[in-house]
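Colleague: I have a few questions about this complex. Can we go through the chain contact and the DNA surfaces in turn?

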Number of protein chains: 2
Amino acid sequence: MSDQLSQTFAALADPTRRAILSKLSLGEANVSDLAKPFLKEMSLPAVTKHLKVLEKAGLITKTKEAQWRPCKLNAEGLKDVSDWMEPYKAFWEESFDRLDEYLKTVTNKKKKRKSHGNKK
Amino acid sequence: MSDQLSQTFAALADPTRRAILSKLSLGEANVSDLAKPFLKEMSLPAVTKHLKVLEKAGLITKTKEAQWRPCKLNAEGLKDVSDWMEPYKAFWEESFDRLDEYLKTVTNKKKKRKSHGNKK
DNA sequence: CGGTTAATTAACTAATAAGTTTAATATAAA
DNA sequence: TTTATATTAAACTTATTAGTTAATTAACCG
């Protein structure tokens with residue numbers, strides 16, 4: 001995996017971790033607060049591990065306050081994802097470019113054949 | 001992992017797969033075309049597997065044309081990612097809401113302390 | 001038909017991920 | 001100083017992922 005963006009995507013590829021981020025978007029929270037909604041499904045150390053994944057991906061920051069570890073959302077890491085997505089937006093925001101590209105390749109590929117209008 | 005969005009994020013958590021999507025954004029391509037840039041680093045079956053991951057995530061569609069398998073970008077799956085990101089955008093597009101939330105939690109947490117204006 | 005090209009399948013290995021339970025650390029509070 | 005609370009660490013298990021090589025399928029072409 002290795003690279004930063006891959007690490008970020010991998011961190012987001014888990015519903016528990018996404019729920020944690022969502023919670024943190026409302027403000028700081030410490031580990032046991034964040035864990036509470038999941039303690040029926042998994043143990044506290046499991047949540048700690050999820051937090052570590054998020055931290056390594058740079059999506060949250062953990063600080064110290066007595067025996068608590070307040071966590072804070074670090075949304076700049078999400079910006080990298082957003083930037084990566086940018087060029088693809090044209091594909092779902094109705095775009096002429098998209099259709100353009102598509103048709104170009106189709107006509108190239110099927111130049112030698114006669115039927116080129118019956119596939120879906 | 002299980003859910004759709006997680007599967008999509010997981011599929012994106014690999015630079016080879018992202019490169020494949022990028023290539024496909026320029027138009028259809030069959031498997032060996034897509035594999036070509038990676039054949040120094042990995043085998044053809046490895047690429048086949050990456051394509052399968054992308055296909056299962058709904059990010060590409062593979063069709064049949066004689067012995068070729070033209071692949072096409074399916075960017076609607078990326079829209080789901082984009083939608084998920086939406087609420088977080090406020091955090092990096094300089095937003096008053098964000099600062100607002102942040103300060104609220106900070107002042108709550110540090111009510112008993114005196115210094116609460118020297119963080120960043 | 002026989003060979004070539006395109007792609008997949010099968011069987012396997014090694015590394016990583018996600019969870020567990022038990023134990024340890026550190027701070028606060030009585 | 002003891003006890004309770006918050007969190008992490010260690011050791012382990014199981015499942016999944018990413019890759020390999022060798023074999024197979026399928027379609028085309030001379």
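Modeller: A definition to begin with: a polar contact is a pair of N or O atoms within 3.5 Å. Note also that this is a predicted model.

Colleague: Which atom of DNA strand C is 3.5 Å from the side chain of Q67(A)?
Modeller: The cut-off for a polar contact is 3.5 Å. The Q67(A) side chain has an N or O atom at 3.5 Å from strand C. Its partner there is a sugar or linking oxygen.

Colleague: How far is the side chain of H50(A) from a phosphate oxygen of DNA strand C?
Modeller: H50(A) is listed among the closest residues to strand C, along with S43(A), K49(A), S32(B) and K52(B). An N or O atom of the H50(A) side chain approaches a phosphate oxygen of the strand. The distance is 2.4 Å.

Colleague: Which part of R69(B) lies 3.1 Å from a phosphate oxygen of DNA strand C, backbone or side chain?
Modeller: The atom in question is an N or O of R69(B). At 3.1 Å, the pair falls within the 3.5 Å cut-off. The R69(B) atom belongs to the backbone.

Colleague: Which element gives the largest share of the surface near DNA strand C?
Modeller: The surface has 23 residues, divided into 9 nonpolar, 7 polar and 7 charged. Helix α4 of chain A and helices α3 and α4 of chain B each supply at least two of them. The largest share, 5 residues, comes from α4(B).

Colleague: And for DNA strand D, which element gives the most?
Modeller: Strand D is surrounded by 23 residues. Helices α3 and α4 of chain A and α4 of chain B each supply at least two. With 5 residues, the top contributor is α4(A).

Colleague: What share of the atoms of DNA strand D within 4 Å of the protein is sugar and phosphate?
Modeller: The residues closest to strand D are S32(A), K52(A), S43(B), K49(B) and H50(B). Of the strand atoms within 4 Å of the protein, sugar and phosphate account for 69%.

Colleague: How far does a polar side-chain atom of H50(B) lie from a phosphate oxygen of DNA strand D?
Modeller: Several chain B side chains put a polar atom by a phosphate oxygen of strand D. For R17(B) the distance is 3.1 Å, and for S43(B) it is 2.6 Å. For H50(B) it is 2.3 Å.

Colleague: Turning to the protein chains, what area is buried between chain A and chain B?
Modeller: The contact takes 40 residues from chain A and 39 from chain B. R18(A), Y88(A) and W92(A) supply 17% of the area that chain A buries there, more than any other three residues. Carbon and sulfur atoms give 64% of the buried area, which is about 3,600 Å².

Colleague: Which residue of chain A meets R18(B) in a salt bridge?
Modeller: There are 2 salt bridges between chain A and chain B. One of them starts from R18(B), in helix α2 of chain B, and ends in the segment before α1 of chain A. The N to O distance is 2.9 Å, and the partner is D3(A).

Colleague: Where in chain A does pLDDT stay under 50?
Modeller: The mean pLDDT of chain A is 85, with 77% of its residues at 70 or more. Where pLDDT is low, predicted coordinates should not be read in detail. The model has 9 contacts beyond four places in sequence for the stretch under 50, residues 108-120.

Methods:
Residues are numbered from 1 along each chain as its sequence is written. Chains are lettered from A and ligands numbered from 1 in the order in which they are written. This is a predicted model: local features need pLDDT of at least 70, side-chain atom pairs count only at pLDDT 80 or more; totals for chains, interfaces and linings use all residues. Side-chain values use heavy atoms; hydrogens and water are left out. Contact means heavy atoms within 4.5 Å. Buried area is the accessible area (1.4 Å probe) that two parts lose on being put together, summed over both. A salt bridge is a side-chain nitrogen of Lys or Arg within 4 Å of a carboxyl oxygen of Asp or Glu. pLDDT is the predictor's confidence in each residue, from 0 to 100. A residue is near a molecule or strand if one of its heavy atoms lies within 4 Å of it. A polar contact is a pair of N or O atoms within 3.5 Å; within protein, one must be able to donate a hydrogen and the other to accept it, and residues adjacent in sequence count only if both atoms are side-chain atoms. Helices (H or I, at least four residues) and strands (E, at least two) are DSSP runs, numbered from the N terminus. Ala, Val, Leu, Ile, Met, Phe, Trp, Tyr, Cys and Pro count as nonpolar, Asp, Glu, Lys and Arg as charged, and the others, Gly among them, as polar.
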